[in-house]
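Student: I'm new to this one. Could you walk me through it?

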Amino acid sequence: MLDILLTVVGLLALMVAALSRWVQRAPVSAPLLALVAGVVVGPRMLNLVDLPTVVEGHEELHEFSRLLLAISVMAVALRYGFREMRASVRSVALLMTTAMAAMAVVTTLVSAAALGVGLGAAALLGAALCPTDPVLASSVVSGEPAEKSVPTRTRLLLSLESGANDGLALPLVVAAIAIAGPLSGSEALLESLWQVLGGTALGLVTGWLGGRTLSGAEKYRTMQSGPLLVYTLLLALLVLGASGLLGVDGVLAVFVAGLAFNATSSWEDRRDENKIDEAVNRFIVLPLFVALGAMIPWREWGELGWWRGLLLVLGVLLLRRLPVLLALKRPLSLTWRDALFLGWFGPIGVSALFYLTMEAHRLGVDPAVMAAGTLVVVASTLTHGVTTAPGLALYRRMGGRPRDGTSARR
């Protein structure tokens with residue numbers, strides 16, 4: 001079975017690499033192609049691989065998504081120059097607090113109304129589905145079509161939001177676990193404080209030390225030349241492992257470490273390296289989405305009821321984010337075009353899988369929650385995958401050239 005998965009992933013990766021320019025301009029995305037490939041080789045069609053469903057194999061999926069998120073948020077933290085990011089702190093903070101909390105509340109209400117579940121299950125879905133996924137969002141903010149169509153600030157806001165809220169959504173998830181399970185309010189508060197503050201401190205220290213160590217190694221020529229990607233990847237793995245040992249928010253710690261590393265090095269010197277990082281990220285996501293396609297819980301989806309599932313998907317995709325960003329248009333200093341763009345392109349993907357499987361580990365699997373959550377993830381992968389290229393083209397037609405007249409390569 002492993003050989004079949006490796007063959008499928010390898011063939012898909014080669015196809016995406018050979019047709020990369022076409023994929024960027026076509027109404028498809030690499031994760032969507034991987035998801036479809038997983039469905040084809042899975043038990044519902046060719047039955048070439050016999051993986052457990054996400055309901056049964058949630059522990060393995062959790063570890064896989066955790067590793068992928070760490071690599072992705074490190075790339076996000078290094079995508080732009082530190083000075084550019086520092087200028088957007090206020091807007092990102094607003095997205096991290098007001099917008100994310102609002103998205104969690106809206107998703108909770110939509111889940112309760114569409115599925116008829118109790119507050120605990122609805123809160124678990126609201127918390128898990130609220131963060132914007134950095135893996136799926138990368139196709140909207142990186143690559144030639146995005147850089148030619150969308151201003152740097154707009155892409156930067158979506159990048160930083162998707163990187164930061166994957167870690168900062170943890171307090172919302174812990175609060176939902178407290179609502180749905182035996183965790184008390186004070187225990188949830190203490191755990192959230194430790195996870196967030198501990199993860200931030202760990203990321204700052206390791207990122208700064210990593211940056212200073214690399215600078216010293218380059219200065220004294222104790223390090224052989226090679227792609228910086230290897231160094232930052234090892235740094236991400238170090239922080240992720242240390243966070244697990246300390247019991248702090250690992251995804252947030254890796255993102256903060258990337259920011260601290262970014263602040264201690266020159267972005268101009270890393271310009272070409274960043275292109276390599278983005279290319280690697282496009283391929284490293286493929287195995288997870290192939291596995292997800294083969295692990296879809298079809299029976300549990302059917303038990304939701306097709307009309308309840310449809311209401312949930314439509315409600316989450318249309319109400320979770322778009323009205324919130326439109327309401328925050330003025331505080332975020334966005335044009336209508338940018339508010340609509342950011343409001344629509346807030347995909348739900350790997351981060352949602354990470355938190356859904358975390359909730360299952362903490363509370364035991366609720367088949368309805370897992371089925372509903374994965375249904376929204378697959379729907380978002382499909383919907384945002386087919387609308388990325390047309391959305392970028394429409395954005396370009398609505399306003400001509402980007403307002404700042406530049407791309408990320410400034």
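**A first look**

Tutor: Sure! The protein averages a pLDDT (the predictor's confidence in each residue, from 0 to 100) of 88, and 92% of the residues score at least 70. Residues 405-410 have a pLDDT below 50, though this stretch has 19 contacts (heavy atoms within 4.5 Å) beyond near neighbours in sequence. Where pLDDT is low, the predicted coordinates should not be read in detail.

This is a predicted model, with local features needing pLDDT of at least 70 and side-chain atom pairs pLDDT 80 or more, while totals for chains, interfaces and linings use all residues. Residues are numbered from 1 along each chain as its sequence is written, and side-chain values use heavy atoms, leaving out hydrogens and water.

Student: How are α7 and α11 oriented to each other, roughly parallel or roughly antiparallel?

Tutor: Helices here are DSSP runs (H or I, at least four residues), numbered from the N terminus. The axes, lines fitted to C-alpha atoms over the stretch in contact, come within 8 Å for α7 (residues 119-129) and α11 (residues 170-180), crossing at roughly 170°. Angles run from 0 to 180 degrees between N-to-C directions, and over 145 counts as roughly antiparallel. So α7 and α11 are roughly antiparallel.

Student: How many nonpolar residues does the contact of α7 with α11 have?

Tutor: On the α7 side you'll find Leu119 and Ala123 among others, meeting residues of α11 including Leu172 and Ile177. Nonpolar here covers Ala, Val, Leu, Ile, Met, Phe, Trp, Tyr, Cys and Pro; Asp, Glu, Lys and Arg are charged, and the others, Gly among them, polar. The contact has one polar residue, no charged ones, and 11 nonpolar.

Student: How many of the nine residues of α16 are buried?

Tutor: Buried means under 20% relative accessible area, with exposed over 50% and partly exposed in between (1.4 Å probe, protein chains only). Helix α16 covers residues 286-294, and Leu286 and Leu292 are among its buried residues. Leu292 touches Leu35, Val54, Leu353, Val377 and Val378, not counting residues up to four places away in sequence. The number of buried residues in α16 is eight.

Student: Is Asn47 partly exposed or buried?

Tutor: Asn47 lies in the loop between α3 (30-41) and α4 (58-77). Asn47 has a positive phi of about 55° although it is not a glycine. With a relative accessible area of 46%, Asn47 is partly exposed.

Key
Helices (H or I, at least four residues) and strands (E, at least two) are DSSP runs, numbered from the N terminus. Angles under 35 degrees count as roughly parallel, over 145 as roughly antiparallel, 65 to 115 as roughly perpendicular and the rest as oblique.
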